[in-house]
Each structure stands twice: as C-alpha cells, then as structure tokens.
Amino acid sequence: MCGIVGYIGNQEAVPFLLAGLRRLEYRGYDSAGLAVLNADGIALRKRMGRIANLAELLQESPVEGKTGISHTRWATHGAVTDANAHPHVDQTGALALVHNGVIENHGTLREGLLREGHVFVSQTDTEVLSHLVGKHFAEGGPGASAARLVEAVRSALRQVVGTYGIAVVHRDLPGVLVGARRGSPLVLGIGKGEHFLASDVSAIASHTREVVYLKDFDIAAVTAEGFELSTLLGGVSGYEVKAVEFQEKDVDKGDYPHFMLKEIFEQPETIRDAMRGRLSREEATAKLGGLNMTNAELRAVERVVLTGCGTAFHAAMVGEHLIEHLAHIPAEVEFASEFRYRNMPLPKDVLVFALSQSGETADTLAAVRESQRKGHRTLGICNNVASTIARESDGGVYMHAGTEIGVAATKSFTSQCVVLTLLAFLNGRIRHLSSSQGLRMIDELEAIPDKVREILKLSDQIREIARKYAHAQSMMFLGRQFNYPVALEGALKMKEISYIHASGHPSAELKHGIIALITPELPSVFIAPEDSVFEKNLSNIEEVRARKGPVIGIGSEGSRRLEQVCDDTILIPRCPDYLSPILNAIPLQLLAYHAAVALGCDVDKPRNLAKSVTVE
C-alpha cells in the first residue's frame, strides 16, 4: 500500500526522493518522511499528512546528502502520527529503514527486543524490523561493510513472518543502499553513476529507462556504480533487466482537474486498446495468445473460477455472466481474500482467472499461489505486464489500460470487462457460436468505443443530477443479470469518493427486504436498459415511486417509458445485453465523480484508501 523511494548517486538525494514520493502519493498519504546520509550521520525528516507537509518541513529544516530513502504511508499498525511515520531507526539511531507490508509476528519480536533493553518510540511493526536489523548489524563484528549490512538484513528477515518491501541505509555506509522484498513490490532503477529503489516504476521512470523487478526473497546491495542481488538463503539471485514502458504523460493530468476524470475520459481509447489485435474477422473469433492454451485445452475446461478484490471482483462477476451466456461453461466468482481459506471442491478441469489492475494485490496473489499449489491452471488478467501476478501465473491477458492513478478504479474496470468478453467470445466460438454470430459480435465490440464517446458527452447533464442528490445520506443502486455487478460497482464508486453510504442490490430483491429502506430522502439508481428484464425493472421502479422514493434511471436511448417513471434519466446508446456493463458503468462513474466534487471531496485521494492493496 505504501510508497518507497530510494536514491544513491552523485546528486542531492532530496529532490529525487520528493519527486518520487509525489508520484507514489496515490499509494498512501497518511504521512511521509525521508532519511538522508551525510557527514553528520542520518538526517531524518517526517511529518503526518500529505507530502506537501513534508516538503514544507524540508524548507524549514533542509538536509543535504547523496544517499537517502523515503516513504509515503498508508497506516496499518499504529495511528497516523509523526512518530509512526517512516523511516524508522534502530536502537542506536545509526540505521534507518522504510517498509511496505505487514510483519505479522511483530508482537513476539517486540517482546523479545524489549527484554534485551530496546526502547520503541512508535506503535508500528516497521520499527520492530528496524531494531531487529540493527541488532544483527551490531552483532556482525567490527568494521562496517555492505556485506555486513546485507547479512544483517538477511538474518532479520529470516525471523520475520509476513510481507515486506524494504529499503535500508546505515550511517557508517554512506555509499550503500540495501533493498529486499517478499510479497510487496520493489523495483531497482539503473542509471549512470546512480541507482534507485522504488515500490512502483512510476516513481523513477523520469530518471531511468532500465529496471530490475526484484523477486520474492531477493536482497539487493546497491551502490552508485552497480548492484548485487542475492537471496534470503544466501545464494546469488538471477535477474533480467527490463525496459521501462511507463511514459511521463501517464502521470500528467493534462487539462483535467482530477486524474479520475481524465481516466474516465480515456475509456474510448483504453477499451479499443484492450481489443486491439485480438479480433479476427477471418476466423470470426477472438485471439488471445497469452493464455498459452490451445483450443483443444480450452474446450476441455469444465468450469471457470474468477477471483479478485473490490472493483476487480465486480468485473469478475460480469465475467461469470459472460462466460455462462456466451460460452455455456459453468462459472463462479470467489473473493480473493477468502480463496485460500476455503476448501472449495473443484474438478480437475477447472480454469482459474485472477483479476488485478496492479498485479500486486496481496489477496489475489495469495489466491493465485493457492490455486497453483492445488494443481489448477491459473491465468492472470492484469494491467502491469511486469507485476508479480503476471510473472507467476501460467498465462493471461494484459489489459493495456495504461497507468491508473486515481484511487477509484474506472478505466481498469471497463478494460477488465472487455477482456472477459473476449475470453467468453473465444470459448463460445470453440463450442457453439457460429461464424456469422462471431462476426456480429465483432461488429458490436468495435462499436463500443464510439458509444462510450457519446456517453461522455452527457457529463454536464450527469453533473446536474449529481448536484441534485449529492447531500443524500444514502443511496441504493439496483440492476439485474449482467447489470447487478454494475450496481455493486456504482455503489462502490459512490462510497469511495463521495463518502455517501451506498449499497448495490439485484432489482428483483427489492421486495424481499430492502424496500423497507425506501423514503423520500433515499435516491435509488436503477440500471434499466431495454433488455430481457426491462419490464421487470419498470415494475420495481414503480414500487419505489409508490413509496415516494426518488429514482435515477440509467436506460437506453429513446426509452420513453423509463423517462415517464423516473425523476431523472440518463439515456445511453443501445447495445447487446452482454456488452451493457461496459456502457452502463460509465454514467455511474461520472455520477460518483460529480457528487464528490460537489461535496468538496478529494477525488483522487479519498480518505483511508490507497491504490494498490499490497497488504492483507
């Protein structure tokens, strides 16, 4: 969840560290801090709140030095305070450490260190780790060296239960920076006379075009001139230098006031990119070579399981409907956070798909490993081709959505839905869909980007509706079949960024309990395109209206009957039922966005949230 940036080279470290932290602020913004090595030892600066607060502190009390580590925090252990901000130092004050992850046995380790006379000043698990590394360094004998620091890190991490991405510096080793990872991403940036560490390549992409993605249990000893990688067990670790694909424009808002709005408006392009090169008119099917499966192997699949968290889970629910509707394969969806704790009876011919925008989601990665441990072929749907899930899965599909900075997922959801549509299409063509049906599907898919552009033209209309209902204490989102997951996603977006309590439900469940919530003060959002259950949705809307509940209807262009029964309507281009989640999600994204703006909320950095959930 947190963001780490480290620098070692011939230039002043602070400008690099601050710039990198600003790029990573979407990963956590409870507090920020840095530690820089100079002739006076370790200069430590940290402050609760946004990175701007840290920058202000550095203006008041500047520091110099050419080796440093920094951190922006999403709190796990300990309240949001200056004392709990990273970096943390060891008992001697000679070693500083930043950490992303969770040390699960920190309580036991802390008790042991307390018995040895250690004094802690924070509530964090990270301070325990810094003391542990410092202890092993002190026990390593006379003479400071890079090898001694690496061995101290190695000894400490062998005692740790949990996940970590760390960066460590020591007062007596101003030319050495050590990093290690297990479960939390860490990337090493290669420069000329300088090197970098970061939890995300976006933090360092403006300074390097070559990186090494550390693997679990890697330990990196970094100097200005080079680096060495070893493993937790002590052997040499192999690595591959990768080119940086990240571009500066990916983290530039351009003329948009918020990243979220920019990313909503990028969806015509990201949807097209998710389909680019993957539709074959000659064969009237989808082509997904990254699955690493032949048509015969796909045809042998008896069941599909999809797993993810948050927005990815909602996309997986859309995928369940798509796969059963288009491919006639039984499908089910599991929360990634529960996957490895359940003992699901799965047939041998099951295919598991793990969905994660970042490819680093801790719960989803654990589900991937559990699925593989049980012998199931496990494929990833990710937006980061260099991510851990992309590397460890047996194959998969890259979303091509580009960097998503806004904490509330938007373009990644529609890209995931597109990829799942292609998967269902491919499997349907293998089984029962005719060539002519395949060609019609290609026509409909290729028309989607232009239909999205038409929806985006409704932004001003949606803004006025959002302002009308922005002060509601609660909202309900309702949909059926393909659009029930969209109702859940619409409710999630509203909760995430406007802090309006919202819940998503199947429309048909209205009269089975939740109708008790209907009042004139509670708006209901019905996703009601003119599909096979349109008449049923109209009946549900009438039930709400009979109890004086206001209704916002998301429906099909020209839907006069929907306009007649709703207080407000957002009418969008028509499409087949199976593609409607892609289109219907977009007005709900805009509704949440405009409501949050009307309420003065911090859209891109909503409270208590961070973008990439790399802790359980």
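Trainee: Let's start with T311: buried or exposed?
Mentor: Keep in mind that this is a predicted model. T311 has a relative accessible area of 9%. The cut-off for burial is under 20%, so at 9% T311 counts as buried.

Trainee: Which residues does T311 contact, leaving aside its neighbours within four places in sequence?
Mentor: Start with where T311 sits, which is in helix 9. Its C-alpha is 9.8 Å from that of G490, although the two are 179 residues apart in sequence. With the sequence neighbours set aside, the contacts of T311 are A409, F413, Q416, E489, L492 and K493.

Trainee: Where is H328, and what about its phi?
Mentor: H328 comes in the loop between helix 9 (311-327) and strand 18 (331-335). Most residues other than glycine have a negative phi. H328 is not a glycine, yet its phi is positive, near 60°.

Trainee: Is H328 buried or exposed?
Mentor: Exposed needs over 50% relative accessible area. H328 has 54%, so it is exposed.

Trainee: What phi does Q481 have?
Mentor: Q481 is in the loop between strand 22 (474-479) and helix 16 (484-498). Its relative accessibility is 42%, so Q481 counts as partly exposed. Q481 isn't a glycine, but its phi is positive, at about 50°.

Trainee: What is the omega of the peptide bond from H86 to P87?
Mentor: Most peptide bonds are trans. P87 lies in the loop between strand 4 (67-73) and strand 5 (88-89). The bond leading into P87 from H86 is cis, with omega near 5°.

Trainee: How far is L197 from P87 in space, C-alpha to C-alpha?
Mentor: L197 belongs to strand 10 (residues 195-198), and at 0% relative accessibility it counts as buried. In sequence, L197 and P87 are 110 residues apart. In space, their C-alpha atoms are separated by 15 Å.

Trainee: And which residues does L197 contact, leaving aside those within four places in sequence?
Mentor: L197 is buried, at 0% relative accessibility. With its sequence neighbours left out, L197 is in contact with I4, V5, G6, A167, L177, V178, G179, L186, V187 and L188.

Trainee: How many disulfides does the structure hold?
Mentor: A pair has to bring its sulfur atoms within 2.5 Å. The sulfur of C2 is 17 Å from the closest cysteine sulfur, in C309, too far for a bond. The sulfur of C417 has its closest partner in C575, 12 Å away, and that is also too far for a bond. For the structure, the number of disulfides is zero.

Trainee: Are C2 and C417 buried or exposed?
Mentor: C2 has 6% relative accessibility, and C417 has 1%. Burial means under 20%, so C2 is buried and C417 likewise counts as buried.

Trainee: On to the helices: how is helix 4 oriented to helix 5?
Mentor: Helix 4 (residues 125-138) and helix 5 (residues 146-158) have axes 8 Å apart and pack at an angle of about 130°. That angle makes helix 4, relative to helix 5, oblique.

Trainee: How does the contact of helix 4 with helix 5 break down by class?
Mentor: The crossing of helix 4 past helix 5 is right-handed. Helix 4 brings L129, L132, V133, H136, F137 and A138, and helix 5 brings R148, L149, A152, V153, S155, A156 and L157. By class, that contact has 10 nonpolar, two polar and one charged residues.

Trainee: How is helix 14 oriented to helix 19?
Mentor: The axes of helix 14 (residues 435-456) and helix 19 (residues 580-598) come within 10 Å and cross at roughly 25°. Angles under 35 degrees count as parallel in rough terms, so helix 14 is, with respect to helix 19, roughly parallel.

Trainee: What classes of residue make up the contact of helix 14 with helix 19?
Mentor: From helix 14 come I448, K451, V452, I455 and L456, which meet I582, L583, I586, P587 and L590 of helix 19. These divide into nine nonpolar, no polar and one charged.

Trainee: Last one: how do helix 13 and helix 14 run relative to each other?
Mentor: Helix 13 (residues 411-431) packs with helix 14 at about 170°, their axes 10 Å apart. T421, L422, F425 and R429 of helix 13 meet S435, G438, M441, I442 and L445 of helix 14. The contact divides into five nonpolar, three polar and one charged. Given the angle, the two helices are therefore roughly antiparallel.

Conventions: Residues numbered from 1 in each chain as written. Predicted model: local features only at pLDDT ≥ 70, side-chain atom pairs only at ≥ 80, totals over all residues. Heavy atoms only, no water. Buried < 20%, exposed > 50% of the residue type's maximum accessible area, 1.4 Å probe, protein only. Axes fitted to C-alpha atoms, helices over the stretch in contact; angles between N-to-C directions. Helix = DSSP H or I, 4+ residues; strand = E, 2+ residues; numbered from the N terminus. Parallel < 35°, antiparallel > 145°, perpendicular 65-115°, else oblique. Left-handed = near helix turned anticlockwise from the far one by under 90°. Contact = heavy atoms within 4.5 Å. Nonpolar A, V, L, I, M, F, W, Y, C, P; charged D, E, K, R; others polar.
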